[in-house]
Amino acid sequence: MALDQSFVGRSYPPTDPYEVGREKIREFAEAVGDTHPAYTDPGAAKALGHPDVIAPPTFVFAISFKAAGQVIEDPQLGLDYSRVVHGDQKFAYSRPVRAGDRLTVTSTIEAIKSMAGNDILDIRGEVHDEAGEHVVTAITKLVARAEG
C-alpha cells in the first residue's frame, strides 16, 4: 500500500539533546578508518580554528537516523520497516560538529514517492546546537520495497 502523500511536510518534535563527546568522536573516526588529527587531537583541531575536536562528516548520521525513528514509528504513516532499505544519505553543514555540542534534531517528511510498487521516503533532519544555531541538515532516503 502506497504511503499517504498528505504526510509530506509533517514535522515531528525535536529530540532531547545529544551531547557529543570526544571519545564518541574518536571511536567513530577509528571505526570508519579516518585518521585526520582534528578528530582525535584537540591541539590539531585548535590549530585549524576549532575550539575542540570535530567529528567526521558522517558522524551525525547516528543522531539524525535515531531522530528519524519518530517518522518510521508513526503508526499513522503505515511504513512497513521490515521492508525498508537505506537508499541514500546527504549532509549540508553550516559548521562541523564539535565535542561538547548538545544537538537536537527536528525531523520532517520531505518527500514521498512511489516507483514500481516501492515507497521512497525522504526525511530531513535539521540539527541545531544548544543556542539554536543550525549545524547540519541531514537528508535520509528510505526505500520500502514492494511485496513479492
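Helices (H or I, at least four residues) and strands (E, at least two) are DSSP runs, numbered from the N terminus. This is a predicted model, where local features need pLDDT of at least 70, side-chain atom pairs count only at pLDDT 80 or more, and totals for chains, interfaces and linings use all residues. Residues are numbered from 1 along each chain as its sequence is written, and side-chain values use heavy atoms, with hydrogens and water left out.

**Exercise 1. The overall plan**

Find how many helices and strands the protein chain has, and in what order the elements run.

*Solution.* Start with the count: the protein chain has 3 helices and 5 strands. Next, follow the chain from the N terminus, and the elements read β-α-α-α-β-β-β-β. Then look at the extent: the C-alpha atoms fill a box of roughly 55 × 30 × 20 Å, taken along the principal axes. Finally, turn to burial, where buried means under 20% relative accessible area, exposed over 50%, and partly exposed in between (1.4 Å probe, protein chains only). Of the 148 residues, 39% count as buried.

**Exercise 2. Aromatic pairs**

Describe how the rings of phenylalanine 28 and phenylalanine 59 are arranged, and do the same for phenylalanine 61 and phenylalanine 65.

*Solution.* A pair of aromatic rings is described by the distance of the centres and the angle of the planes. Rings of Phe, Tyr and Trp (its six-membered ring) pair if their centres lie within 6.5 Å; planes under 30 degrees apart count as stacked, over 60 as edge-to-face and the rest as tilted.

- Step 1: a search of the whole structure gives 3 aromatic pairs.
- Step 2: one of them joins phenylalanine 28 and phenylalanine 59, edge-to-face, at 5.5 Å centre to centre and with 85 degrees between the planes. This pair links distant parts of the chain, 31 residues apart: phenylalanine 28 sits in helix α1 (residues 22-32), and phenylalanine 59 in the loop between α2 (42-47) and α3 (60-72).
- Step 3: phenylalanine 28 is partly exposed at 22% relative accessibility, whereas phenylalanine 59 is buried at 5%.
- Step 4: phenylalanine 61 and phenylalanine 65 are stacked, at 5.2 Å centre to centre with 20 degrees between the planes. Both lie in helix α3, 4 residues apart, about one turn of the helix.

**Exercise 3. The nonpolar cores**

Name the residues of the largest nonpolar core that touch the most other members, and say which element gives the most to this core.

*Solution.* A nonpolar core is a set of buried Ala, Val, Leu, Ile, Met, Phe, Trp, Tyr and Cys residues joined through side-chain atoms within 4.5 Å. The largest one has 20 residues, and Ile25, Phe59, Val97, Leu103 and Val127 touch the most other members. At least two residues each come from α1, α3, β3 (102-115) and β5 (134-144). The element that gives the most is α3, with 3 residues. A second, separate core of 15 residues includes Tyr12, Ile72, Leu79 and Ala144.

**Exercise 4. Two buried residues**

Is serine 64 buried or exposed, and which residues does valine 84 touch?

*Solution.* Begin with serine 64, which belongs to helix α3. Serine 64 is buried, because its relative accessible area is 3%. For touching, use contact, meaning heavy atoms within 4.5 Å. Not counting residues up to four places away in sequence, serine 64 touches Gln89, Val105 and Ala138.

Now move to valine 84, found in strand β2 (residues 84-93). Valine 84 is also buried, with a relative accessible area of 14%. With residues up to four places away in sequence left out, valine 84 touches Leu79, Leu142, Val143, Ala144 and Arg145.
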